[in-house]
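Dear colleague,

I am passing on the structure that you will be looking after from now on. Please open it below before reading further, since my notes are meant to be followed with the model in view.

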Amino acid sequence: MEQKKSTKVLKLEYILSSTLKGGLYLSILISVCGAALLLINNGYHTFDFSQFKGEPRDLSDLPALMHEILNGDPLAIIQLGIFVLILNPILRVLTCLILFIYEKDFLYIVLASIVFAILLYSIL
Amino acid sequence: MTAHEILIFIFIGSLFAGFLGSLSGLGGGLIIVPLLVLFLHVDIHYAIGASLIAVIATSTGASAAYVKEGFTNIRAGIFLETATTIGAITGVAIGSHLSAPLLSLIFGIVLLCTSISSFYTKHTVDSKPSHDKLAAFFKLNSSYPSKTGNIPYEVKNLPAGYLVMFGAGTLAGILGIGSGALKVIALDNIMGFPFKVSTTTSNFMIGVTAAASAGLYLHMGYIDPLLSLPVMLGVITGSIIGARLLPHIQTQHLRIMFGCLVMFIALQLIYKGIIGTI
């Protein structure tokens, strides 16, 4: 069975593709700005990754992270870029969900919603 | 190490990892974590977090290209993502309770199996219509574009494929990898999707699975920004370079050379895991 794609579907796919690319560049941009800020201010502070201690709350907990970003903490800014990166696949699934709503495909509206909900549970 | 040193060394190491992963077809995650752990002395938990970020980045970049081409079966992706994301959460729940040596051991075994299996490639040539009822119910049969017009295909074995996807998601959650190879096996060998549809759809799913794991690990403090950024940039750059170089290199020699190198890395991980010195 061949599936013919309407122009609206093709347009949505184009939007999806552009959003993915844009989202990737945005996250890289944010992170690189944070890194630049870090190097300028703090380049000679030492870090050690050989022992696992777990990230401090202001880099792993969202409200605390937001607070640190407003304070201009460079590591928090890099982490924001990473957070934006993680949002990309979630946005991808949301776009698919919208596509299914438009096509009135109830089965896949349910399935995509399940995936979306799982992703939201993970990130929030 | 200072911030400068970290950014530079990790970037170069990840460049190599991305390059190696792209040429050997083994994917980023399986190479990044061992490289970070064995050669850059990063704790495996941080390495897993950083690897997931790199996997999301490469998957997003590749997907942007593939979606336009029309090979990706989005319904198959979403349907199977219910399995992989639940698997990912399960994997994170399990993996976060495992010690570093045990993680190293498991990783080494998975890496060993993957490298051995990469010497044997079997693609499904059987393209007879399957008339599978579940496949029809879930609307997974579709077509893909080619020079002669759209070629239709039908798939089968949904329960088996679904189960393997759950396993792939769990592995991704425990080890911080994309599990692309396993996903392609499920799509191609088990369910019968055409090869190009399998690889593009798998790529579509890899990012989602990694995001499900990464979100949880972020809250658990596994993801360090200073480590993840150069890993992400290095792997993307390395795999682009690798992809550009690939057509110019003899695949047979390459396969064998990289297969041996990866096996050596796998054995090192297993050894360290057993000794418990990681």
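**What was found**

K139(B) has a relative accessibility of 34%, and therefore counts as partly exposed; the terms used here are buried for under 20% relative accessible area, exposed for over 50%, and partly exposed in between, with a 1.4 Å probe and protein chains only. This residue sits in the loop between helix 6 (133–137) and strand 1 (142–144) of chain B, where helices (H or I, at least four residues) and strands (E, at least two) are DSSP runs, numbered from the N terminus. The phi of K139(B) is near 55°, a positive value in a residue other than glycine.

Before going on, please note that this is a predicted model, in which local features need pLDDT of at least 70 and side-chain atom pairs count only at pLDDT 80 or more, while totals for chains, interfaces and linings use all residues. Residues are numbered from 1 along each chain as its sequence is written, chains are lettered from A and ligands numbered from 1 in the order in which they are written, and side-chain values use heavy atoms, with hydrogens and water left out.

**Backbone angles in chain B**

Most residues other than glycine have a negative phi. Besides K139(B), a positive value is also found at H41(B), which is not a glycine and has a phi near 55°. H41(B) belongs to the loop between helix 2 (28–39) and helix 3 (44–69) of chain B, and it counts as exposed because its relative accessibility is 56%. Two glycines with positive phi come just after helices: G176(B), at about 75°, follows helix 7 of chain B, and G221(B), at about 80°, follows helix 9 of chain B.

**Two helices of chain B**

Helix 7 covers residues 158–175 of chain B, and its 18 residues should span 26 Å at 1.5 Å a residue, which agrees with the 25 Å between its end C-alpha atoms; the expected span is 1.5 Å times one less than the number of residues. Its buried residues include L158(B), G161(B), M165(B) and A168(B), as well as I174(B) and L175(B). Helix 9 covers residues 195–219 of chain B, and for its 25 residues the expected span is 36 Å, in agreement with the 37 Å that separate its end C-alpha atoms. Helix 9 is mostly covered, with 21 of its 25 residues buried.

**The start of chain B**

M1(B) lies in the segment before helix 1 of chain B and is partly exposed, with a relative accessible area of 39%. Not counting residues up to four places away in sequence, M1(B) touches H45(A), T46(A) and F47(A) in chain A, and I6(B) and F9(B) in chain B, a contact being heavy atoms within 4.5 Å. T2(B) is in the segment before helix 1 (3–24) as well, but T2(B) is buried, with a relative accessible area of 14%. The C-alpha atoms of T2(B) and T237(B) are separated by 23 Å, and the two residues are 235 apart along the chain.

**Chain A**

Chain A has 5 helices and 0 strands. Its radius of gyration, taken over C-alpha atoms, is 19 Å, well over the 14 Å that the globule rule (2.2 Å times the number of residues to the power 0.38) gives for 124 residues, so chain A is more spread out than a compact globule. Along the principal axes, the C-alpha atoms of chain A fill a box of roughly 60 × 30 × 25 Å. Buried residues make up 48% of the 124 residues, and among contacts between residues at least 6 apart in sequence, 61% join residues at least 24 apart.

Which residues does S31(A) touch, not counting residues up to four places away in sequence? They are I78(A), G81(A) and I82(A), together with L229(B) from chain B. S31(A) is found in helix 1 (residues 7–42) of chain A, and it counts as buried because its relative accessibility is 0%. E68(A), in helix 3 (residues 62–70) of chain A, also counts as buried, at 18% relative accessibility. Leaving aside its neighbours within four places in sequence, E68(A) is in contact with D58(A), D73(A) and A76(A).

With best regards
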